[in-house]
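Biologist: I should like to learn how to read the main features of a structure that is new to me. May we take them one at a time?

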Amino acid sequence: MNTAMRLPGRIGPRALLITTALPLTGWALHAAALHRQLAASRRDPLTGLLRRDAYTARARRLLTRHGDDAALVMVDADHFKAVNDGLGHAAGDAVLQAFGARLTAWAGPRAATGRLGGDEFAVVLELAADRRTQRLEQLVRMLHTPVILEDGRTVGVAASVGAAAPAVVGTRELSSLQRAADAALYEGKHTGRAVLATAQHATVASINGRRVGRAGTAGWGRAA
């Protein structure tokens, strides 16, 4: 009898490795799929920008990390309803996508760039005081560049921009900075210039960090 004969049911080293690797491979594929789903759930499907919750979490981390060298920028597309009503929703979507791409290019990959809803956007990024005015002027120029649609039509676009810096406003708290930047944005609405918030802008009454009187706040309850 050949004592070297393999006993029935015995698993060799190669078979054991393959058998062990299969569940691990399956789990790796499953984990990758879950990661993609999670990443997708964090981003707005139209613009690719962060959704509100993901933006908020990242923005707070950046404010903690960069402190007084951080800035919060609020952006509203001007006359967006006229684009939707006059040229159709596809044109409106193209404008929002263009704004999303321009904000991403301007702010860079390390920023928290989010679409808060409709035609409203927010960015938190590292932006030192000596570069603030120049960079905000650059953003306004980018957002006022016409958008060319797939059918070749050109859409004139504009945006209102308000910014708030912790050292100027006197706080690093996200909702207070958003309130100040939103009030500054409203002050400069349709002027074609970015407005940097002062400490006084942070005292404007708000509802969930949005200026009282802003569209969509009427039914949100008492001011914060």
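Biologist: What is the order of the strands in the open sheet?

Modeller: Please note at the outset that this is a predicted model. A sheet is read by following its strands from neighbour to neighbour. Here five strands form an open sheet with mixed pairing, in the order β2-β3-β1-β6-β7. The strands at the edges are β2 (112-117) and β7, each of which pairs on one side only. From one strand to the next, the twist averages 20°.

Biologist: In which sense do β1 and β3 pair, and over how many bridges?

Modeller: The pairing of β1 with β3 (residues 120-126) is antiparallel and extends over seven bridges. As one example, V75 has F121 in β3 as its bridge partner. Helix α4 (residues 89-107) packs on the sheet, where it touches β1, β2, β3 and β6 (159-164). The direction of α4 makes about 10° with that of β3.

Biologist: How should I read the packing of two helices, and at what angle do the axes of α2 and α7 cross?

Modeller: One considers the approach of the axes, then the angle, then the residues that meet. The axes of α2 (residues 52-66) and α7 (residues 174-187) come within 10 Å and cross at roughly 100°. Angles of 65 to 115 degrees count as roughly perpendicular, and α2 and α7 are therefore roughly perpendicular to each other. On the α2 side, Y55, T56, A59, R60 and L63 meet L174, L177 and Q178 of α7. By class, this contact has five nonpolar, two polar and one charged residues.

Biologist: Is Y55 buried or exposed?

Modeller: Y55, which lies in helix α2, has a relative accessible area of 0% and is therefore buried, the cut-off for buried being under 20%. Leaving aside residues up to four places away in sequence, Y55 touches several others, including L50, L72, A112, G114, V123, L174 and Q178. Y55 and R43 are 12 residues apart in sequence, while their C-alpha atoms are 9.0 Å apart in space.

Biologist: What can be read from the backbone angle phi at H79 and H190?

Modeller: Most residues other than glycine have a negative phi. H79, however, has a positive phi near 55°, and H190 has a positive phi near 65°. H79 is placed in the loop between β1 (70-77) and α3 (80-87), and H190 in the loop between α7 and β7 (194-196). H79 counts as exposed because its relative accessibility is 54%, whereas H190, at 46%, is partly exposed.

Methods:
Residues numbered from 1 in each chain as written. Predicted model: local features only at pLDDT ≥ 70, side-chain atom pairs only at ≥ 80, totals over all residues. Heavy atoms only, no water. Axes fitted to C-alpha atoms, helices over the stretch in contact; angles between N-to-C directions. Helix = DSSP H or I, 4+ residues; strand = E, 2+ residues; numbered from the N terminus. Parallel < 35°, antiparallel > 145°, perpendicular 65-115°, else oblique. Contact = heavy atoms within 4.5 Å. Nonpolar A, V, L, I, M, F, W, Y, C, P; charged D, E, K, R; others polar. Buried < 20%, exposed > 50% of the residue type's maximum accessible area, 1.4 Å probe, protein only. Pairing = 2+ DSSP bridges.
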